[in-house]
Structure formats: structure tokens, C-alpha cells
Amino acid sequence: MDFLNALVALLNFVIIPATAYGSQLALGALGVTLIYGILRFSNFAHGDGMALGTMFVILTTWGLQAAGISFGPLPTALLALPIGIALTALLFIATDRAVYRFYRRQKAAPVIFVIASLGVMFVYNALTRFIIGPDDQRFADGERFIISARDFREATGLAEGLAFRTSQGITIVTAIIVVAALFWFLNKTRTGKSMRAFSDNEDLALLSGINPERVVMVTWIIVAALAVTAGTLYGLDKSYRPFTYFQLLLPIFASAIVGGLGNPLGAIAGGFIIAYSEVMVTYAWKKIVTYLVPETMAPEGLVQLLGTEYKFAVSFVILIIVLLVRPTGIFRGKAV
Amino acid sequence: MNNATRTPLLFACMGFLIIATGVLQSWDSALNLLNFGLIAAIMALGVNMQWGYAGLFNVGIMGFVALGGVAAVLVSMPPVNDAWAQGGLRMIFALAVGVGTIIGAIMVFRRLKAQRFRGLIVLAILVIGAMIFRALFGPARDAIEAVNPAGEGYLGGLGLPILLAWPIGALFAAGAAWIVGKTALGLRSDYLAIATLGISEIILAVIRNEDWLTRGVKNVNGLPRPWPVPYEIELQEDPGFLARAEAWGMDPVGLSTLTVKLAYAGLFLLVLLILMWLAQKALQSPWGRMMRAIRDNETAAEAMGKDVKKRHLHIFVIGSAVCGLAGAMMTTMDGLLNPGAYQPLRYTFLIWVMVIVGGSGNNWGAVLGGMLVWFLYVQVEPLGTWLMSVMTAGLDDGSALKQHLIDNAIYMRFLVMGIFLLLVLRFSPRGLIPER
Amino acid sequence: MSDYSDRGNKDASITRTDNMPTLTPAHPESGPSHYVGSGGPFLIGDGMTGGYGGADILHDCTISVDKGEIAVIVGPNGAGKSTAMKAVFGMLNIHTGSVRLNGEDITALSPQARVNKGMGFVPQTNNIFTSMTVEENLEMGAFIRRDDISQTMEQVYELFPILRDKRRQPAGELSGGQRQQVAVGRALMTQPQVLMLDEPTAGVSPIVMDELFDRIIEVARTGISILMVEQNARQALEIADKGYVLVQGRNRYTDTGKALLADPEVRKSFLGG
């Protein structure tokens, strides 16, 4: 019985939250890694791009809610998602035309692109705060739980409750669908293959008649879809605050680098590695340990390796270890 | 127009802007602008050493600046004897255990080269060490934080003159930079960027949360002034000062504030000039030529037998130290350490705007960029609010939209900074004062 | 002008002539409007002078190839062999001279536009998509085509049977010789009329080199013109209808492959005796 309780607690406090968070990080890291693979720079504006895209979704959600449109038990934000993605894609493409294309034609060094992305970051940051403000916003609605802790306790008779929130379920399901669609697109369609070819060998891709501007445009559209989806899921699951999205830049980049920059599979693996490590290191294991050991040995402290306020340190340490041991990342990205 | 005429001209314009602020707004704000501008210029100088001399991409400036602020607290505040008695030694012991664990793990990792279970053994050492550390650390922290939590609740500092904190702040930042540089230099520039971004977030997390060390978000107030800077109260009680104020026909309170700010300005200018002199000397020395040679062609420099990674580590540590120095100076002038005020956009990315706008690789450019961008950053705010109130003049006074737009007008400054950076990068990529 | 029977390698036993694939040119009907008459070569870089922007590398250099013919450019290191070929393909600017394909002046066209005109190019290095499968490499080669490519792919597989076995493998995992086959196959996917190869045998073993040359001859037999730069001058001239010896960006000797091989001057200076 105690073992089952421990298992439920593990599922409830570690596995489900980490899987949801890992899905969000993986989607974010996929965006970063695609930009890196195709446009060959680390996009520092990605966090603020996510914040801005999610803002579009939130505004649309409010509009739908005001119009009395809902998505039944699911959050209305899912209905607003396509509109948010479309607006963000337009914005990203406009940004590319106005900023990055010039340097692409100049064949500028990657670091110049990075500095340009800092400027873009300022602009996105300002737009987000100017329109929706810097504060927390709530936009989740619909059913809160798929399984609530009380129902679970009543159904199983266990002391420990298992809560599975709708936002977590949606995050995981959406992430699976998005990732599957992305991989299908990259591996099975002509355009997707041309993107991979462009990322693999730009000169040869040009020689084969692949139009670089088209590849770049498609990339921004996909990146917008990934970024807005990741941002919306994160906002539904946790909360929407523009600055939090900027701070997500660190775990997202850590995920992409740990998996191997430029490698989509690596980005997903990296996202889950970072998320699981973060949750496991900052979780107070007292409850689970108490279930498992004899009563006399029950721990007094929290059995927590690191306070949650230091969760960024976890991504950082994993990042440093990977950089030291295997700089190309687990799945051998493009970078050395 | 070459740099010889351009540099003095641009600096004259900068001076004019500050004087115009003094005449049009107030001398108080003009001096504020000047003082923070000088500090920003020093930060930009530090970043310019890394970026302009060596092409290193550091986005952890905020962390190094904050470390300087911590140094100011730890050096200048009086020690809290009670807290030391309650948990000081225990805390030191706990920290020693923590550091010992890490060093031990590294040593074991190096010793057991060919061992199969190396990873597991090291992990076990780290986990067990962390548990012991937390067991020792927790009670010590609680004991310290329980001492007069409203006013103290931390160990305090050494009670030494705050001027000493400036070089020590530089040392703190240098130490952190050395650790980052050791691991991330020699890899791609993007990796260094992410690593520095990470370390600065971690430094800030420590400062915000470790109340026993820095009082966290409760702030440390009332840092002592550095040696030549007087207190306003003292001035206002000094008969000689009061006589002078009357002779000049000025309000003694206003004059005392200005005097204090002028004293800071003098002090900062002195530091900036010394740094400039050193930086220019270094740039023109064989060492500086070598640094630029490495930046321009790493492969060639490596082929000539230069240890590029080591040189990069040097310059990275030096540049970060300058940022730490500036951070200590800033906290000194503020008279308080407020960890909540450190925002990456303001303390990291704005400095980057300064360096790029000023002219990467040119120290004069960095200084000008620092002062000019700071000036714009401050002045855009009233301008944005004014612009918004003009634009929304047609709307009802009570309308939520109008209120929203006016409330959020302060974010215009980020928009302006971003567009400014993008425009300079595109149309004048070498900055206002190019390297050569 | 060219004598097809005078091919360098007539020994049919070393080529695989049984069920030999036929590669159909992409534009069988193209060209007649500007065609300068039966006397002009199919592709010619005529009196080319130019370089990568700095000093000129090519000086009044002329390279031409006829239909179904193999032309080989040889010469010492730094002679501008690859440069001459890149000039024909439009990868550097020539300020004097012209490039004509089938009589049409294409001097001003970009390399991509020349691909559309029926020219295929195999770079010396980085000539495959290493992370993509062999089949995907071939598909990408045919990117500009909108029609059914399965026919052409079948022909490439018949030409390079090993690629059929490895078609689901990432091209980066193949051996050097197989990679070159992928590279040539990729270029053939556009059904070019001219195939340009930049040192196709660089870094492969002598056995693989012989095999590659055999395949190249087979390609030429289908009517595709081959223009090739080669470091292995002797072997290359053996299969060449026409050979160009370049020195410092200038034509030094131009003749049939056989004649160049026989020329004592050429042998002494460029073929090591």
C-alpha cells in the first residue's frame, strides 16, 4: 500500500509535471534548433517571440470568451491558437524581411545575426508589455481536471491523491501531435526535405535549385507555430507573464544544446532531460521517502537537493557538463 | 571625418545634451544622467574589451554587475555580531563542506579515468555531499536570519571603507568570469553567450534568495558613503556651506544634493579616466595588438603559436572585472543593494546597445555609447508618456484604453532602444566612433 | 569535329555494357533558335578572363565540349583548372569572353539558371547531403523538376547499382567512392545535357577511380557531354575525347586525349615522364 502511495506521489509530483514541462521545453527548443539549423544563428528573441505570440492567443481568447464562444471542457485558447500562430508567423516573416534578410544577403557572421536578434528582442519585449502589460494574465478556462485528487482517492482508496490537470493532458497530447506533424513534414514532404537539405548543405541546396527565401519563410512559419504552441501550453499549465518567457530562454537553449543544436530529435530529448532533472532536483522527496522507508527512518528534512528558486541552476549545470563532455550535444548537432 | 575630429565633436554634443537637460529640466536630473552615464560607460568599456578586442559575446553582464553590488555590501556594512555568534562559524563550515564536495568530486572524476562506475561514484559523492551540506546549512541559515529580521537577519559585512569594495567587486566578478571562461571559452560564441546568461541568472537567484548573505529582496539600506563624498545633512549643518549657499543665492538643501552628486561625478570621472588610460595603453601595447590579431584571425594566430584560449580567458576576466567594478560603484552611489531591480534587459542587453552604438573595438566609442544610450534611455520615458498623452488626447479621459496606453508608455523605451540598435547595426555597423 | 569512335577507352570488357541505362536529356527539343550551326561545340567557355574579384586567374582561356563527348581539364596545382570549370558554370565573374550552351549565350546567367538550362555540376567537396538518405539526395537533385522522377531515379540506380541497396541509408555513412556515386547521381537527376565534374576521383582508391571513370564513360555514351577536372591526369586523358592542359590560367595544350598522352612534351612536363 505504501509502495503504491509512493508511486502515486511520484507520478503526481514528478512524472506528470516533468512530462508536461518537458513537452513545453521540447517545443520551444525545436523552434530554436530549427532557426539554428536553417538560418544558422542562436535566436535570442525566441523567448520574447513566444511571449508575444502567446499574447495574441490570449487576446483572441478574451475576444472569443466575450463573444460567448467556448470549446466545451477544453480551454478556449486552443481555438484561438491558429489565429495566434497566423499573426505570429506574419510578424516573424516581417521581422525577417526587415532585419535578418539583409544580413543573410551580406553573408554576415552568425554573431551579427545574434546581435540583431537582441534588437528584435527589445522590440518584441516592448510590444508585448505595451499591449498586454508586464503582469500575470489568466486565460485558462474549461474543465480544470481530467482526474482530480479527491476523485482518485475515492476511486482507489489510497491515501495519496493523483491530480491530472487538463492543461497537463492537453500539453502532452498537443506536443505529441505537433512533433509528429513536424517530423512527418520534415521527412515526407518535398518542402520539408528541401529544408533539411538546406540545413545540411546550403551551397548544394542552391545548386539543386532550392529557393533559399522560400525555405527561410517556411521555417519562420513553423517556428511561429512551435513558439506560440509552446507559449500557450506553458501559459495554460503555469501562468502567463512576459518576463517568465524571457527566462525560459535559458532552459530552452540548454535543451537545444544538450540535444545537439540543429538536430530536431535532440531538441526533444534535451527538453525532457532538462525538465526531468529540474523537477527531480528541486522536488522535496520527503513524502515519497517517508512512504518507502520504515517509520523510524523517516527523514526530518525536506530531502530536497536544491530550492525551486534555483531551478535555473539545474539547466545551467547540465549545459556545462554537456559542453565539457560532449560539446556537439547528445545527438551530434551541427555545432562544435 | 576621421576619428580625431569626430570624437571630440561627439563628446561635445554629449556634454551639450547634459547641459541642456540641466537648463531645461533640472540640474539634479542632469547630474543623475551624468553619474549613471559614467557608470554605464564603464560597463560598456568592460564589455567592449571582451567584444571589441577579442570578439567574445558576454550576455551575463548583469551577474557581474550584481556581484560588484554584493561586494559593496560585504565590505562596507558593519558586521552583525549577534548573527555571527548565532550561526557565523556554522555557516562557514557548511560552505566549506559544500566547496569540499565539489572539489572532491572533481578530483575523484580526474583520478578514476578508466573506471567504469566513475559517473555513478561522482554522482554519489555529489548527492551525499549535498545532503550533508543542506543539513549543516539549513540550521545555520535559520539562526542567522532569526537575528533581528526586520533590520538585519544577515551576517553583515566587514565594516571597511566602501572604496575598498570597488576593487573587491572587480575581483568577485573576475572570479565568476574565470569559472565561466574556463568551461565555455574555446567553444562557439553562442555557447559562451548561453553560459554567461545562465551564470548571471544564477548569481541573481543567489542574491535574491540567500537572505543570510545579502538580505535578499529585503534590500540592504544605508551603505556608507565613499571617502570624499559628504552627507547632505552634514553639509546643511556646516556654517561655511550655508554661507556659500547664501552667497550664491541658492537653496542649501538643493545645493547640498548637487554637491554630493558632483562629488560622485568627480570620483566616477576619475575612475573612468584611469580605466581609459589603462585600456588605451593596453590596446596599443604588443599585448593589445596580439589580442586584435587573434580576434581578426584566430586560426592564423593559433598557427603562430598563440594560446588563443588563454588570451581569451584573460580578456574575459578583465572585462568582467571592469563590469564588477562598475557594479560596486553603482551600488555605492545608490546607497542600497536592491536585488529586485536587476533586470537583464536593463543591465545586460542595454549595455550591448551601448557598445554596438558607440563603436565596437573603440574605447572612446564605448564610453560615448554608454553615456548617449543611457541619456536616451532615460529621456525617452517622459517623451513616450508625452507622446502618448498627445496621441490619446482625442479619447475620453475615463477610457480604459487611454489609461492603459499611458500606463504602458514607459515600455516605449525598450522599443526605441531595439530600433536604435537595429538601425545602427544596419546602417552604421561600426558604430558612432569606428575602431579605425 | 569530334570523332565518336576515337574514345579513349574502347575496351568494352571493363565497362558494363549489358543492359546499359539510357539517360534521356531533359531538353531534347531545346536550342535550335540560337544554334550557330553544326560546326559550333555544344558548350563552350570562349576566351574567358576573370577571377574571384581580386587578380585575374583565367587569361583568355577556352574550354569546350561536344555532345556525348568527354573533355578533361588537367594541369599542375594552381593552374586554374577548377576555376575554369567554375567559370563555365557561372560561379565566378568573367569580364572578357563568353559562355555559350548550344549556341545560346549564357554568360550572364546564375549557376541556378544554368542548372535549369540543362547543366549539372558536381562540386569537389561537400557534394552530397550527408544527413539525408541516398534516395533523398537523388530527390533533392531533381528538386527543380515537377514531373515524375521515378524513371530517372531508376536509371541512376541502374548506373550505380550499389546505391539501390543503400538507398535508405544516410549518404554520410557511405564510403568515399559511394559518396561520389551519390554526388554524380544527384547531378544526373535533373537530366542534364552537360555534366561537370570537379575532381570526381579525389581521395578515392585506384580501383574505385577506375570504376568511377567507367561509369562516367557510360554516362557519356547516353549522349550527355562530360566536362571534368582531374588530378589523375594520365588516367583521365585515357578516357578523354578532348584534353586541355592549363598552366597559370592559360591554355597550354589542347588536343585529343590520345594525342596529349602521346605528346612527349606533355608527358615530360605534366604526366611525370
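This passage walks through the chain contacts, the fold of chain C, the aromatic groups and the salt bridges of a predicted model.

A good place to start is how the chains meet. Of the 2 pairs of chains that touch, chains A and B share the most contacts. Here, 53 residues of chain A are in contact with 49 residues of chain B. The size of an interface is often given as the accessible area lost when the parts come together. For chain A and chain B, this buried area is about 4,400 Å², with carbon and sulfur atoms giving 77% of it. Salt bridges across this interface number 0 by the rule applied. Chain B and chain C, in contrast, do not touch, and 20 Å separates their nearest C-alpha atoms.

Chain C can be taken next on its own. The chain holds 10 helices and 10 strands, and 53% of its 273 residues are buried. Its accessible surface amounts to about 11,400 Å², with 49% belonging to carbon and sulfur atoms. Sequence separation is also informative: among contacts between residues at least 6 apart in sequence, 70% join residues at least 24 apart. Within this chain, helix H1 (residues 81-89) is largely enclosed by the rest of the structure, because 8 of its 9 residues are buried. Among the buried residues of this helix are C:Lys81, C:Met85, C:Val88 and C:Phe89. Just after the helix comes C:Gly90, which takes a positive phi of about 85 degrees.

Aromatic side chains offer a second way into the model. Over all chains, the count comes to 31 aromatic pairs. One of these joins B:Phe137 and B:Trp212, whose ring centres are 6.0 Å apart and whose planes lie at 75 degrees, so the pair is edge-to-face. B:Phe137 belongs to helix H5 (residues 118-145) of chain B and B:Trp212 to helix H8 (residues 211-214) of chain B, so the pair ties together parts that are 75 residues apart in sequence. Both partners are covered: B:Phe137 is buried at 9% relative accessibility, and B:Trp212 is buried with a relative accessible area of 7%. In chain A, one aromatic cluster is formed by A:Phe41, A:Phe92, A:Tyr100, A:Phe102, A:Tyr103, A:Phe113, A:Tyr124 and A:Trp220.

Rings in chain B also meet charged groups. The charged end of B:Arg118 sits over the ring of B:Phe109, at 3.9 Å from its centre. Likewise, B:Arg413 lies over the face of B:Tyr377, 4.1 Å from the ring centre.

Finally, side chains of opposite charge can pair when their charged atoms come close. Over all chains, the count comes to 24 salt bridges. In chain A, A:Arg104 forms a salt bridge with A:Asp96, with 2.9 Å between the closest N and O atoms. A:Asp96 is buried, its relative accessible area being 3%. These two residues and A:Glu213 are linked in a network of salt bridges.

In chain B, the side chains of B:Arg295 and B:Glu435 meet in a salt bridge at 3.1 Å, N to O. This pair links distant parts of the chain, 140 residues apart: B:Arg295 is in helix H12 (residues 286-296), while B:Glu435 is in the segment after helix H18 (412-427). B:Arg295 is partly exposed at 23% relative accessibility, and B:Glu435 is partly exposed with a relative accessible area of 23%.

Chain C has a salt bridge between C:Arg145 and C:Asp147, with the closest N and O atoms 3.1 Å apart. Here C:Arg145 is buried, with a relative accessible area of 10%, whereas C:Asp147 is partly exposed at 46% relative accessibility.

Technical notes. Residues numbered from 1 in each chain as written. Chains lettered and ligands numbered in written order. Predicted model: local features only at pLDDT ≥ 70, side-chain atom pairs only at ≥ 80, totals over all residues. Heavy atoms only, no water. Helix = DSSP H or I, 4+ residues; strand = E, 2+ residues; numbered from the N terminus. Buried < 20%, exposed > 50% of the residue type's maximum accessible area, 1.4 Å probe, protein only. Contact = heavy atoms within 4.5 Å. Areas by Shrake-Rupley, 256 points an atom, 1.4 Å probe, with all protein chains shown as cover. Phe/Tyr/Trp six-rings, centres within 6.5 Å; stacked < 30°, edge-to-face > 60°. Lys NZ or Arg CZ within 6 Å of the ring centre and 35° of its normal. Buried area = accessible area lost by both parts, 1.4 Å probe. Salt bridge = Lys/Arg side-chain N within 4 Å of Asp/Glu carboxyl O.
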